[in-house]
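User: Could you walk me through this structure? I'd like to know what the terms mean as well as the values.

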Amino acid sequence: MRIGLAGLGTVGGGLLQLMESGRLGGGALRVAAVSARNRARERGVDMSAFRWFDDPVELAADPEIDVLVELIGGSDGPAKKAVEVALARGAHVVTANKALIAVHGAELAALSEKHGGKLLFEAAVGGGVPIVKALRESLAGARVMSVSGILNGTCNYLLTEMESSGRSYADVLADAQRLGYAEADPVMDVGGFDAAHKITILAAIAFATQPDFAHCAIEGVDAVTLTDIRMAGKLGYRIKLIAKAERIDDAVALHVRPTLLAFDHPLASVGGALNAAVVEAEPVGRLTFIGKGAGAGPTASAVAADLIDLLAGRAGPAFGRPLAELAPVARATPKERGRFYMRLLVADRPGVIAAVSDRLGREGISIESILQMPSRDAGPVPIVLTTQPCPREALDAAALHIQQLDAVSEPPRVMPIEETDASPRLWT
Ligand SMILES: NC(=O)c1ccc[n+]([C@@H]2O[C@H](COP(=O)([O-])OP(=O)(O)OC[C@H]3O[C@@H](n4cnc5c(N)ncnc54)[C@H](OP(=O)(O)O)[C@@H]3O)[C@@H](O)[C@H]2O)c1
């Protein structure tokens, strides 16, 4: 099987190293041609045996290539064009590009079905963690109720570092950028978009719907403060960026947001740059996957697994079922109900807590716990509270009233508390 490799960066370089031994696929897999931007760049691998293309779209069009491995990235531009050109001539495509699959997955799957080339993307979600294949194949006979996970290693690293070092978000991010753990432009990661691409893909496979990225509600970690982390810790919770897709009757709720998890929650102890996913399915129960979600080796190994599946003739439809069997949209607008965390910055004077409690009470919301840090000066002080189970709508209404109080100096910050099995459902 002749491979055209577009993109020779972290993952592309990792794949070349993995293939150098020649053992992959019993020697039946061979890189025939490559493409990247800069031909002169030293890649640590002997490139002399590969034909070079400046343009990845020309590489994709080459009839001598049986499978295009797209490791450039980006939902549009040359990556998309190259994948389209390869699929349109019936060649197979293996990609690690979650943005491309989340945004254009349905149209690419259509091209794949029309012309017969397979479209595989194990490496697009969870790096080395085999969650795509598990949902698509191993759980094909189960009814998945929810998939939730820590799907962005950069965000998890930042939150873990803030908690363990007591340093601010800005400090930890600056360090992570210096050390190469975070991109110079970190918005795709810290803004929650990367995790949203990944949960969109998992939701499509888990619930047999077309990928519906536009419907994913996205909040990143950029507004999580050290105060939130400390206060949540005192209340028995750890803050994680949770991407979640949940079946609600015949529709799907899809979101990415910072969430408070009780210390004994299966995702609460997943630290550093690790990725993890928890699948709840009937009649299987709960399954937990944890591992390296990025990096040259783990991601290249997932790409290689797709290549081996192609070689063995094991590859099926991109999202597990033919496009015609996928529901066109996953939209649900469930009314959310649960317990919530609210952080306020207020003037330190008598009557403020009573006024906040009154505004919550008017919406029928009871406070479960409340915590105020001692103030060292005359400035505003943070107060955090957790609620009893209540409708999110009511909490948002109360938050608007609270924001208008003279003593409140910034809009309240609200985060959901993820319930455990014994607790009421978060959505109704
Ligand atoms: N890094 C990870 O751990 C990881 C994990 C999971 C998934 N992914 C996904 O894998 C893909 C690749 O990521 P990466 O980290 O390997 O990226 P990267 O290190 O930035 O490498 C990108 C490669 O694409 C090449 N490239 C960029 N624009 C091009 C163009 N117009 N024409 C031809 N080549 C072009 C670059 O060429 P030059 O080398 O000449 O600049 C480089 O070789 C992305 O979709 C990413 O989301 C990455």
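**Helix crossings and ligand contacts**

Analyst: Happy to! Let's start with a pair of helices: α4 crosses α9 in a left-handed way. This is a predicted model, in which local features need pLDDT of at least 70 and side-chain atom pairs pLDDT 80 or more, while totals for chains, interfaces and linings use all residues. Residues are numbered from 1 along each chain as its sequence is written, and side-chain values use heavy atoms, without hydrogens and water.

User: What makes a crossing left-handed?

Analyst: A crossing is left-handed if the near helix is turned anticlockwise from the far one by less than a right angle, and right-handed if clockwise. For α4 and α9 the crossing is left-handed, so the near helix is turned anticlockwise from the far one.

User: At what angle do α4 and α9 pack, and what is that arrangement called?

Analyst: Their axes are 8 Å apart, at an angle of about 55°. Axes are lines fitted to C-alpha atoms, for helices over the stretch in contact, and angles run from 0 to 180 degrees between N-to-C directions. Under 35 degrees counts as roughly parallel, over 145 as roughly antiparallel, 65 to 115 as roughly perpendicular, and the rest as oblique. That is why α4 is oblique to α9.

User: Which residues make this contact, and how do they divide by class?

Analyst: Contact means heavy atoms within 4.5 Å. Among the residues involved are Ile101 and Val103 of α4, with His197 and Ile201 of α9. By class, the contact of α4 with α9 has five nonpolar, two polar and three charged residues. Here Ala, Val, Leu, Ile, Met, Phe, Trp, Tyr, Cys and Pro count as nonpolar, Asp, Glu, Lys and Arg as charged, and the others, Gly among them, as polar.

User: How do you know whether α1 is parallel or perpendicular to α11?

Analyst: The axes of α1 (residues 10-20) and α11 (residues 296-311) come within 8 Å and cross at roughly 65°. This makes α1 roughly perpendicular to α11. The crossing is right-handed. Gly14 and Leu15 of α1 and Ala300 and Val303 of α11 are among the residues in contact. The contact of α1 with α11 has eight nonpolar, four polar and no charged residues.

User: And what makes α3 and α4 parallel or perpendicular?

Analyst: Helix α3 (residues 78-88) and helix α4 (residues 98-115) have axes that come within 9 Å and cross at roughly 15°. Therefore α3 is roughly parallel to α4. Here α3 passes α4 in a right-handed crossing. The residues that meet include Val83 and Leu87 in α3, and Leu108 and Leu111 in α4. They divide into six nonpolar, three polar and three charged.

User: How many residues surround the ligand?

Analyst: There are 23, with Leu8, Val11, Asn38, Arg43 and Gly295 the closest. A residue counts as near if one of its heavy atoms lies within 4 Å of the molecule.

User: What makes the pairing of Gly295 with the ligand a polar contact?

Analyst: A polar contact is a pair of N or O atoms within 3.5 Å. A backbone N or O atom of Gly295 lies 2.6 Å from a ligand oxygen, so the pair meets that limit. A polar backbone atom of Gly9 is 3.0 Å from an oxygen atom of the ligand.

Terms used:
Helix = DSSP H or I, 4+ residues; strand = E, 2+ residues; numbered from the N terminus. Polar contact = N/O pair within 3.5 Å; in protein donor to acceptor, adjacent residues only side chain to side chain.
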